[in-house]
Amino acid sequence: MTLDHLARLEADSIDIVREAVAESARPVLLYSIGKDSSVLLHLARKAFHPSRPPFPLLHVDTTWKFREMIEFRDKTVATLGLDLIVHRNPECVALGVNPFDHGSARHTDLWKTRGLRQALDEHRFDLAFGGARRDEEASRAKERVFSFRSAQHRWDPKNQRPELWRLYNARVAPGESIRVFPLSNWTELDVWRYVDRERIPVVPLYFAARRPVVDRDGMLIVVDDDRMPLRDGEEPTPELVRFRTLGCYPLTGAVRSTAADVPEIIEEMRTATTSERQGRAIDHDQHGSMERKKQEGYF
Amino acid sequence: MDDLLRFITCGSVDDGKSTLIGRLLYESKLLYADHLAALAADSKRVGTRGGELDFALLVDGLAAEREQGITIDVAYRFFATRARRFIAADTPGHERYTRNMVTGASTADAAVILLDARKGVLRQTRRHAHLASLLGIRHIALAVNKLDLVGYSREVFDSISAEFAEFATELDLDEVTCVPVSAADGVNVVGRGEQTPWYAGTTLLRWLESVDVGGTAADDPVRFLVQWVNRPDADFRGYSGRVLRGTLRTGDRVRVLPGDQLSTVVRIVTMGGDLAEAPTGSSVTAVLADEVDASRGDVLAAADDPPGVADAFQAHLVWLHEADLLPGRHYLAKVGARTTGFTADLPKYRVDVDSRGRAPAKVLRCNEIGVANVHFEAPVPYESYRVNRDLGSFVVIDRLTNATVGAGMIDFELRRSANVRRQHLTVDKRARAERNGHRPCVVWFTGLSGAGKSTIADLVEQTLHAEGRNTFLLDGDNVRHGLNRDLGFTDADRVENIRRVAEVAALMVDAGLIVLVSFISPFRGERALARDLVAEGEFCEVFVDTPLAVAEQRDPKGLYAKARRGELANFTGIDSPYEPPEHPDIRVDTTALTPEDAAHAVVAGLRGLGLC
């Protein structure tokens, strides 16, 4: 008897989650409500069963997430009896920062990057789990599983701690922290196969449905509420679409699809010709933008 | 055969390893349209192939790598063919980034080493093969790349293959396969090329799909590493951890190591339900029949075939940090799920990767490999690295910066540590302290040469002696005439100098004395070591604070003048660093106090700390 591919990925990730908790004083799980967060949360529950995961969830909210995401978040937390911290950058709340008036880059920097740093500082978390995977983006492919951050939350990609075997070094001085990525070695397809096998609930936005869509600058934007200013000639039209990743609704492109459940998504992926982050406006703001954002503290 | 292969690619700068990985992804149809579009745009902008697709840009994802056209850190790439899944770690070739190469190699089972057919087997090639074999990789494919640039010459390929094969016989490898390729043209990478009709062997991808790297057997003796004690309530106590080797079964008789208690596995708990058995690699929670005292870092092992437990080993070390490995310095080591104090002895030798010979060494520098006897503060369950990577490996961590500074692989246990047991003595430190009527302690004076340490320490001792305390003063210069006369002033010797003095001071504390130590002791690490050798509250660090300019002006022994003239190498403050204490217990400013006043201040400070 040996472990199959998914079972081995699962065991590796559980190993990572346990090491992280054992080696830190105040861990937290960055919960972004997407499928990767759902898998990460599932693994964290498995790692400590029958105990509950010994850390809270942190959602860095931008007020621009899809409504279905927030509903799903609140239902998940209530069902599983978990602690959730929701942080909204108070400066952004006061200024009403949004992607239309301030642009996607500043919107993301202020709400997410700075919001995250505020929340980590406020609660003095010394270790934060994230659901990022190395197959997502070129600079992520370079990142350690246990990734050191300075007291200013900066990542220094040219000077990462060597990470040999499964001997993760989570030691930090006060103020410094570690970001831990238990899904580093998973691919998008692995995530969906695991969601299927373990029957993990995910936000319904991943499944195809008729949604009000405008085609803006080559992206299919689902108009989730009436805060989105429509340009001349734009008229939301119902189309059968779904999402491969989830973020702020004005910045996340949908794809035309008929995949209405997880097996159909997996089947669709076999023939996909574009990557999942293709629908993320913030990755394309400027060249090397993910590396730059990560250096500044973005997840 | 395992359906997952983890392999590394390595080679010198410009050998084209990133290109090769890009080619593998491209030809396995694993590149998405938006990736290809981005690649096409990048290739025009910063590519090195005249606007054609430059696959290196797929893996060199950091801005600095793209700008300089080199690989700095490991990139992990995932792909699958019908035969197998792959995790490819593309590792940097340059010696400066060896630590990143060993990071990739430590979890890999096979290596693809690239070289440029025009340049042949280089020092780097040998170095990569050597490191790969040292890290436990037993299967190497040598990709003789850029064969297009030598006209697909069979003679060139044969000569390089023969040279490498001969070198490789002296490494610990099971298999070496040489493949003639052109990553740029895609020859013998995925498909065969017409350009090499003389070659009948495998393509690189075919080799990756078929190489059998073995793996652990299900009937190996079980080793289960405890990571976390799982206690949700008073009724449940489980050990959450990982099966490192063998199969864990309910009913197994196990030994809990290093404590060596016996028990039986009664449940294997997972969120999906209890299991009867958990194969190698499983992350589960084990419940034992008995109330044993097991904690994080312990190993549950087959009762009739347990691993060894020891605290001293011969090990191979790879040094990963700019600050040298200093023999005797106190580091931390993470081994399994345990972090413990660690020191290395003087290296037995440094491995010369060119000659495969042994060179003498007093320290290990960044990217050097050496063999040394090493000591852990506490005994650990272990297996030699050859048998079990998980229980045979450790990383070395700097106590002050928390940086991962070294990596180690256990060769074997030093019998000495198993056979030399600490003798239990009846008359102990407490008994002596009672007889003396005062507590023992170490008063450690640190500061630059000429700061006034010895003068002040002498005055402090006179005061304490007059009060009837049992004291002893260990003076740097005096000790160097006797116990430490074999030591010089290099960093490594300074560490050993302080280590010996700290040990002597600790013995004298056991003997019940107030030990005054007057040593420059320039490094924080060694002062921390001295503090660690005695009990909490028995150590007082006195910083005799004198600015360099003042000490140099005083220059009572004329040493600064000599050092400035270049007649005295490694002089603290001039060409050797002094790391001032960040939080000394007592600080005396000798620019503001006379030696007598400073001594008074120290005695008052000691009284304040309850030490005299």
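**Exercise 1. Get a first feel for chain B: count its helices and strands, then look at its span and burial.**

Step 1. Chain B has 18 helices and 27 strands; here helices (H or I, at least four residues) and strands (E, at least two) are DSSP runs, numbered from the N terminus. This is a predicted model, where local features need pLDDT of at least 70, side-chain atom pairs count only at pLDDT 80 or more, and totals for chains, interfaces and linings use all residues. Residues are numbered from 1 along each chain as its sequence is written, while chains are lettered from A and ligands numbered from 1 in the order in which they are written.

Step 2. Along its principal axes, the C-alpha trace of chain B spans about 95 × 70 × 45 Å.

Step 3. Of its 612 residues, 48% count as buried. Buried means that 20 or more other C-beta atoms, placed from the backbone, lie within 10 Å of the residue's own.

Step 4. How confident is the predictor? Chain B averages a pLDDT of 87, and 92% of the residues score at least 70; pLDDT is the predictor's confidence in each residue, from 0 to 100. For the complex, the ipTM is 0.89 and the pTM is 0.78.

**Exercise 2. Find out why helix α5 of chain B is largely enclosed, and what covers its buried residues.**

Step 1. Go through residues 98-105: eight of the eight are buried, so the helix is largely enclosed by the rest of the structure. Among them are B:Thr98, B:Met101 and B:Ala105.

Step 2. Now look for the cover. It includes the strands β1 (4-11), β3 (85-90), β15 (308-319) and β22 (404-413) of chain B, along with α6 (123-134).

**Exercise 3. Describe the side of chain A that touches chain B.**

Step 1. Start with the contacts: 46 residues of chain A meet 53 residues of chain B, a contact being two residues whose C-beta atoms, placed from the backbone, lie within 7 Å.

Step 2. Two elements of chain A, α1 (5-22) and α2 (35-48), give two or more residues to this side. The largest share, nine residues, comes from α1(A).

Step 3. Sort that side by class, and you get 17 nonpolar (Ala, Val, Leu, Ile, Met, Phe, Trp, Tyr, Cys and Pro), 14 polar (the others, Gly among them) and 15 charged (Asp, Glu, Lys and Arg) residues.

**Exercise 4. Locate A:Arg166 and name what it touches.**

Step 1. Look in the loop between β5 (146-149) and β6 (177-180) of chain A.

Step 2. A:Arg166 counts as buried because it has 20 C-beta neighbours inside 10 Å.

Step 3. Leaving out residues up to four places away in sequence, A:Arg166 touches A:Asp15 and B:Asp390.

Methods:
A residue is buried if 20 or more other C-beta atoms lie within 10 Å of its own, exposed if 12 or fewer, and partly exposed in between; C-beta atoms are placed from the backbone.
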